[in-house]
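Welcome! Take a look at the chain below, and then work through the exercises one at a time.

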Amino acid sequence: MQPPKVVSHDEWLKARSELLAVEKQFTRERDALTQRRMAMPWERVEKNYLFDTPEGKRTLAELFEGRRQLLVQHFMFGPGWEQGCPSCSFMADHADGMNVHLRHRDVTFVAVSRAPLAEIERFRGRMGWQFKWVSSNGTRFNYDFGVSFTPEEVATGKVQYNYSDGQWPHPHEELPGISVFYQNDSGGIFHTYSTYGRGVEVMMGTYNMLDLTPQGRDEDNLRFTMEWVRHHDRYEPQPASKATAGSCCAAHT
């Protein structure tokens, strides 16, 4: 972080007003993008997926819980893993607070992983989450929606992820994503949208807050962008520190 330029109030207000004009343009462009997303064509879901849930076996249709829209977090948690992915856990930490609001806008939220239900429930209990989390173990759901890959696919060094046509250079057996489905009055289910890669940041409200701060996400010198993220029960105690005079990086020393 470069030392900031300190200016008078009038100069600061001028700079802020100029930035506001850019922010308003970005908001208009984001609104236009949202409208284009909502106008995307749908594809009918033909397969009858069956999930393991705490209430027993449930179909994809039953996961809607009577609402028309279903929002799925593809949570990276494979069979036999000790714990879920820290970055997906970072995403999931934001779910419980927004869940009640989603339900009042005709949206059901659910996380889906390939880990067996018992492993999911063990980890969910440790993390204290309340949202619905189901297992797709033994089904093609994760593979069909582009977030799980066979060992043979991973061994090739590239997988078809984020619409990359088999050129994604960071292959893993599990990768993150968000998918959206709609159920009409006749019971037909349609896949309306999926996003992957940095698209999943829509669930990361913490990032939106960090983007407002002078240091931002502060990830430039990490081995990979989310290296700093821990499961919320695994952070070391971090006392507040005050920057020493003449050093804007004192908090990192």
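## Exercise 1: a salt bridge within a helix

E18 is partly exposed, with a relative accessible area of 46%. Keep in mind that this is a predicted model. Your task: find how far apart the closest N and O atoms of E18 and K14 are, and say where the two residues sit in helix α1.

Solution.

1. Start with the partner: K14 has a relative accessibility of 53% and counts as exposed, since the cut-off for exposed is over 50%.
2. Next, take the distance. The closest N and O atoms of E18 and K14 are 2.6 Å apart, and the limit for a salt bridge is 4 Å, so the pair forms one.
3. Now place the pair. Both belong to helix α1 (residues 9–38), 4 residues apart, which means about one helical turn separates them.
4. The general rule helps here: an α-helix has 3.6 residues a turn, so residues three or four places apart point the same way.

## Exercise 2: salt bridges between separate parts

Which parts of the chain does the pair D106 and R68 tie together? Then look at E201 and R217: are they buried or exposed?

Solution.

1. The side chains of D106 and R68 meet in a salt bridge, at 3.8 Å from N to O.
2. D106 lies in the loop between α4 (95–103) and β5, while R68 lies in the loop between α2 (60–63) and β4 (69–74), so the bridge ties together parts 38 residues apart in sequence.
3. Both partners are partly exposed: D106 has a relative accessible area of 25%, and R68 has 37%.
4. Turn to E201 and R217, whose closest N and O atoms are 3.1 Å apart in a salt bridge. E201 is in the loop between β8 (189–196) and α8 (205–210), and R217 is in the segment after α8, 16 residues away.
5. E201 and R217 are both buried.
6. To finish, here is the wider count: the model has 18 salt bridges. A network of them links E55, E65, R67 and K132.

## Exercise 3: the two sides of a helix

Which residues of helix α5 are buried, and what do they pack against?

Solution.

1. Helix α5 spans residues 117–127, and its buried residues are L117, I120, F123, R124 and M127.
2. These residues cover an arc of only 130° around the axis, which puts them on the same side of α5.
3. On the other side of α5, A118 and G125 are exposed.
4. The buried residues pack against β2 (50–53), α3 (86–92), β5 (107–113) and β6 (132–135).
5. Just after α5 comes G128, with a positive phi of about 75°.

Methods
Residues numbered from 1 in each chain as written. Predicted model: local features only at pLDDT ≥ 70, side-chain atom pairs only at ≥ 80, totals over all residues. Heavy atoms only, no water. Buried < 20%, exposed > 50% of the residue type's maximum accessible area, 1.4 Å probe, protein only. Arc of directions from axis to C-beta. Contact = heavy atoms within 4.5 Å.
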